Amino acid sequence: MLAANPAMQVRCLRPGSEQSPLLLVDNFLAKPELLVADACQQSFRANSPYYPGVRAPAPLAYQQVLLQSLTPVLRDVFALPAGSLSFSVCHYSLVTTAPEQLKLLQRIPHFDTTEKHALAAVYYLFHGNHGGTAFYRHRQSGFETIDDSRAAQYYRALEAENDGPNLPGRNAGYIHGDTPLFSQIAEAEGVFNRLVIYRRHALHSGVIPPTASLSADPTQGRLTISSFIDLQPERG
């Protein structure tokens, strides 16, 4: 059975000028290898035009352990209002796309929603140097997070840069570090049994170094569990 590790270690970073919280939980589960074994039994497939790889459903037990063990921490760190937390997305993920095959939107940082209280969680289930998750500031706008008040301005700025000389070309590959359009403000290293949680409106991207395995084999590739955690406000 899946269970939280009594020896888990929780840290909160607040990178950049906006200091949007970045929660790192090391030694999250007592037996993370159970999830690796479970992933090996799943059928992975491409299910998103944006994610550069394949995915399969992750077990409900993982969601339950995360919420049971970390809900008070999430409420405190991310200053969540009253309401219940639930998962809208939770799947095993394997990056499998070669760098030269990336679409433009896969070569720059992105945000998942403009909702401030919506969270993302990435749980690393690989050994070796397969990369982590990085966070960015858009140089022209200065934005590190994109909410409703910023979305139109941010999209206009991106559109203005669309035909410029600094747009990452087809050979640019996966983004890592500073670029002419974005500056990296933080990087959470991918470490086995580490869970990273952040607000989904933060500009971010997976770090996929040249050493990363792009294998679709969960025992060899860049296996993670990627999740969206949503807040359902209390009615009153």
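Asparagine 27 is found in the loop between strand 2 and helix 1, and in this predicted model its phi angle is near 55°, a positive value in a residue other than glycine. With a relative accessible area of 33%, asparagine 27 is partly exposed, because that value falls between the limits of 20% for buried and 50% for exposed.

Alanine 79 also has a positive phi, near 50°, although it is a residue other than glycine. This alanine lies in the loop between helix 2 and strand 4, and at 52% relative accessibility it counts as exposed. A further loop residue is asparagine 47, whose place is between helix 1 and strand 3; it is partly exposed, with a relative accessible area of 41%. Leaving aside residues up to four places away in sequence, asparagine 47 touches Arg55 and His91. Its C-alpha atom is separated by 21 Å from that of glycine 173, a residue 126 places apart from it along the chain.

**Residues in the interior**

The largest nonpolar core has 37 residues, and those with the most contacts inside it are Phe28, Tyr62, Leu66, Leu74 and Leu195. Several helices and strands each supply at least two residues of this core, among them strand 2 (22–26), helix 1 (33–39), strand 3 (53–57), strand 8 (194–199) and strand 10 (223–233). Helix 2 gives the most to this core, with seven residues. A second, separate core of 13 residues includes Ile146, Ala151, Ile175 and Phe182. In soluble globular proteins, nonpolar side chains tend to be buried together.

What does leucine 74 touch, not counting residues up to four places away in sequence? The contacts of leucine 74 are Leu23, Leu66, Ala79, Leu80, Leu85, Leu119 and Ile197. The alanine 79 in that list is the loop residue described above, which counts as exposed at 52% relative accessibility.

Two residues outside the nonpolar classes can be followed in the same careful way. Serine 183 has its place in strand 7, and at 9% relative accessibility it counts as buried. Apart from residues up to four places away in sequence, serine 183 touches Phe135, Tyr136, Arg137, Arg139 and Asp178. Glycine 190 is in the loop between strand 7 (182–188) and strand 8. Is glycine 190 buried or exposed? Its relative accessible area is 11%, so glycine 190 is buried, since buried means under 20%. With the same allowance for residues up to four places away in sequence, glycine 190 touches Tyr124, Phe126, Gly128, Gly131 and Gly132. From glycine 190 to proline 57 the separation is 133 residues in sequence and 21 Å in space, C-alpha to C-alpha.

**Empty space: a pocket and a cavity**

Rolling a probe the size of a water molecule over the atoms shows where empty space is left. The largest pocket has a volume of about 900 Å³, and of the 35 residues that line it, the closest to its centre are Tyr50, Tyr51, His110, Asp112 and His204. Strand 4, strand 5, helix 3 (148–161), strand 9 (204–206) and strand 10 each supply at least two residues of the lining of this pocket. Strand 4, strand 5 and strand 10 also each supply at least two residues of the largest nonpolar core.

How many cavities of 30 Å³ or more are there? The count comes to one cavity, and about 80 Å³ of space lies in the largest cavity. Its lining consists of Pro15, Ser20, Pro21, Leu22, Phe135, Glu144, Thr145, Ile185, Tyr198 and Ala202. Phe135, one of these lining residues, is also among the residues that serine 183 touches.

The table sets out the two linings by class.

| Space | Nonpolar residues | Polar residues | Charged residues |
|---|---|---|---|
| Largest pocket | 20 | 12 | three |
| Largest cavity | seven | two | one |

**Cysteines**

The count of disulfides comes to zero. Cysteine 40 is in no disulfide, and the nearest cysteine sulfur, that of cysteine 90, is 17 Å away; a disulfide would need the two sulfur atoms to be within 2.5 Å. Cysteine 40 is partly exposed, with a relative accessible area of 36%, and cysteine 12 likewise counts as partly exposed, at 34% relative accessibility.

How values were computed: Residues numbered from 1 in each chain as written. Predicted model: local features only at pLDDT ≥ 70, side-chain atom pairs only at ≥ 80, totals over all residues. Heavy atoms only, no water. Core = buried A, V, L, I, M, F, W, Y, C linked by side-chain atoms within 4.5 Å. Buried < 20%, exposed > 50% of the residue type's maximum accessible area, 1.4 Å probe, protein only. Helix = DSSP H or I, 4+ residues; strand = E, 2+ residues; numbered from the N terminus. Contact = heavy atoms within 4.5 Å. 1 Å grid on protein atoms, 1.4 Å probe; cavity = no way out; pocket = protein on both sides within 12 Å on 5 of 7 lines; lining within 4 Å. Points joined across faces, edges and corners; volume = space filled by probe spheres on them. Nonpolar A, V, L, I, M, F, W, Y, C, P; charged D, E, K, R; others polar.
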